[in-house]
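Student: I'd like to go through this one and ask where the labels come from. Can we take them one at a time?

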Amino acid sequence: MDRVEIAKQFKISYGLLDIMCGDFIGEGCSRIVFDSVLKPGWVVKIEPDSDTHHNILEYYMWTSVMYQPEIAK
């Protein structure tokens with residue numbers, strides 16, 4: 001995926017992509033995902049529609065199930 005096009009499409013700084021994002025991992029219905037340059041083993045998720053807040057909703061969901069081994073796989 002071309003970083004210039006990502007910056008235009010997601011309305012973020014191209015420089016920010018270079019500083020924070022490593023290799024492109026993939027995309028889903030609401031976000032694109034990169035390896036993190038700043039924190040190896042982590043990912044950077046970019047969400048184009050700032051009104052949906054999928055990352056926040058995902059975090060709340062994870063914190064509600066993270067200590068339930070039958071769910072948190």
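What follows is a short chat about the labels used for this predicted model.

Student: Why is Val37 called partly exposed?

Tutor: Its relative accessible area is 44%. Buried means under 20% and exposed means over 50%, with partly exposed in between, so Val37 gets the middle label. You'll find Val37 in the loop between strand S2 (32–36) and strand S3 (43–46).

Student: And what makes Val37 eligible for a surface patch?

Tutor: A patch residue needs over 30% relative accessible area, and Val37 has 44%, so it clears that cut-off. Val37 joins Ile19 and Leu38 in a nonpolar patch, with about 300 Å² of accessible area together.

Student: How do you know that S1 and S2 pair?

Tutor: Pairing takes at least two bridges. Four bridges join S1 to S2, so they count as paired. One of the residue pairs is Gly26 with Val33 in S2.

Student: What about S2 and S3?

Tutor: Four bridges join them as well, and they run antiparallel. Val33 turns up again here: its bridge partner in S3 is Lys45.

Student: Why are S1 and S3 called edge strands?

Tutor: The three strands form an open sheet in the order S1-S2-S3. Strand S1 (21–27) and S3 each pair on one side only.

Student: Which side chains of S3 are buried?

Tutor: Val44 and Ile46, which point to one face. Val43 and Lys45 point to the other face and are not buried.

Technical notes. Residues are numbered from 1 along each chain as its sequence is written. This is a predicted model: local features need pLDDT of at least 70, side-chain atom pairs count only at pLDDT 80 or more; totals for chains, interfaces and linings use all residues. Side-chain values use heavy atoms; hydrogens and water are left out. Patches are made of residues with over 30% relative accessible area and no salt bridge: like charges are joined within 9 Å, nonpolar side chains (Val, Leu, Ile, Met, Phe, Trp, Tyr) within 5 Å. Accessible areas come from the Shrake-Rupley method with a 1.4 Å probe; for residues, only the protein chains shown count as cover. A salt bridge is a side-chain nitrogen of Lys or Arg within 4 Å of a carboxyl oxygen of Asp or Glu. Helices (H or I, at least four residues) and strands (E, at least two) are DSSP runs, numbered from the N terminus. Buried means under 20% relative accessible area, exposed over 50%, partly exposed in between (1.4 Å probe, protein chains only).
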